[in-house]
Amino acid sequence: MNSPPSPSGAEHTDGSSIRLGALVPLTRPGWVEAGRHLLAGLDLAVREVNDAGGIDGRPLELVVRDTAADPERAAAAVDELAHLGVAAVVGEYHSVVARAAAARADALGVPFLCSSAVLDALTEEPTEWVARLAPAQSHGWRIYADFLLRAGRRRIAVATQPSVYWASGTRILRDHLAPRGGTVLELDATLTPEALCDALVDHGATALLLLVGHPEPAVPIVRAVRGDRRLAEILVGAPAGQPEFAEWAAALGEDGAGIPFLRYLPERLGPLGERVGKELRERLGEAPSFVAFEGWDAVNVLAAALRSHGTDRAAVAESWPRVAVEGTRGPIRFSRTPDISVWQWTWTPVQVVDRDPAEPDRFRILHAG
């Protein structure tokens, strides 16, 4: 272990519940819709574990904390959850927030299973305390870059905001595209939408990628580009996945279709995925996103670790390389991967998908990796 385990506070002899901390963005400026889907997956999995008898007869209890996309708030939540005696922490959607949570979990000796954040450098140094289900950004975004090349798009513009996550994505795209004849032009998202359109025309861009927040400034940028006849042939993309959620379609209507994004689902779900997907749809009142499946899978990984290795925090962290779980999107195992500092599932299925312009509620798989 890189840091000494703190007293777990999770060894009970009275049949009380086993607590799992959950980090979820539930209020703005967090991506609330993603948080709602993540929490639905976490909640459903906890209920199913408990309906099946819990962990050696003890129920799981989910202790939820809203991160609101705030790294400091997430780190403070990890402190609080550690004090409350959780056996492990799970969740978080936003990469920069997950990085803060992972650093604090590592420092405190609390196992953290990151369900959804993709930033490669989730911790500064290798750690035994953190594992991740979502694919590393370098893996998924290279697949997205390959899609762009296959689509004949080599003059790529990115509208970007200051962020470690967006900067990392831009670097991955540039490093992958440059040796293959592609170029990446960075445009400041603080430009007015009209000025951004002018810059796209001036540079002859064949694709514009939105490396920005949603709904602002993503929605006005899309509206401006879609409304500019000079840019009728440009591909608009959103690799971070904004078009996955119904909120996107509601805000943009037809303008939000035909915008490729990354999602982490197989072409066809197996029987487990189909069953869980049906349950999630009933809970959410809409089709579940891949984020909901990430939540369900994360709890079931931790349940397997708790059953086989006990509830002591150090034992849970030591279980990462030994866990083998059938997830909703395939068999889950963790391993060490070059240049990634945490235990990593390599890899969840990766797709490039868009909303069908002819039927915006239907998704089309454009590319898979």
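Which strands does helix H7 (residues 218–226) lie across, and at about how many degrees does this helix run to S8? Helix H7 lies across S6, S8 and S9, and runs at about 165 degrees to S8. Here helices (H or I, at least four residues) and strands (E, at least two) are DSSP runs numbered from the N terminus, and angles run from 0 to 180 degrees between the N-to-C directions of axes, which are lines fitted to C-alpha atoms, for helices over the stretch in contact. The model is a predicted one, in which local features need pLDDT of at least 70 and side-chain atom pairs count only at pLDDT 80 or more, while totals for chains, interfaces and linings use all residues. Residues are numbered from 1 along each chain as its sequence is written, and side-chain values use heavy atoms, with hydrogens and water left out.

The sheet beneath H7 is a good place to begin. It is an open sheet of four strands in the order S7-S6-S8-S9, with parallel pairing; two strands pair if DSSP finds at least two bridges between them. Strand S7 (183–188) and strand S9 (235–237) stand at the edges with a single partner strand each, so one side of each is left without a neighbour in the sheet. Ignoring direction, neighbouring strands are turned by 25 degrees against each other on average. Strand S6 (residues 155–160) runs parallel to S7 and is joined to it by six bridges, with leucine 185 in S7 as the bridge partner of alanine 157. Helix H6 (residues 193–203) also packs on this sheet, touching S6, S7 and strand S8 (207–211), and its direction makes about 155 degrees with that of S7; contact means heavy atoms within 4.5 Å.

A further open sheet has eight strands in the order S2-S1-S3-S4-S5-S13-S12-S11, with mixed pairing. Its edges are strand S2 (60–66) and strand S11 (324–327); each has a single partner strand, so one side of each is left without a neighbour in the sheet. Strand S12 (residues 330–335) and strand S13 (residues 343–345) pair in the antiparallel sense over two bridges, and tryptophan 345 in S13 is the bridge partner of phenylalanine 334. Helix H3 (residues 95–108) lies across strand S1 (18–24), strand S4 (112–114) and strand S5 (130–132), running at about 160 degrees to S4.

Turning to the pockets, the largest has a volume of about 720 Å³. On a 1 Å grid over the protein atoms alone, a pocket is an open set of points where a 1.4 Å probe fits, with protein on both sides within 12 Å along at least five of seven lines, and lining residues have an atom within 4 Å of a point. Of its 33 lining residues, the closest to the centre are Trp31, His94, Tyr165, Trp166 and Gly213. H3, helix H5 (164–177) and H10 each give two or more residues to this lining. The second largest pocket has a volume of about 530 Å³, and Arg263, Arg281, Ala287, Pro288 and Phe363 are the closest to its centre among 27 lining residues. Helix H9 (271–284) is one of the elements supplying at least two residues of that lining, and its five residues are the largest share.

Finally, a search of the whole structure finds eight aromatic pairs. Among them, tryptophan 141 and tyrosine 165 are edge-to-face, at 5.9 Å centre to centre and 75 degrees between the planes. Rings of Phe, Tyr and Trp (its six-membered ring) pair if their centres lie within 6.5 Å, and planes over 60 degrees apart count as edge-to-face, under 30 as stacked and the rest as tilted.

Technical notes. Points joined across faces, edges and corners; volume = space filled by probe spheres on them.
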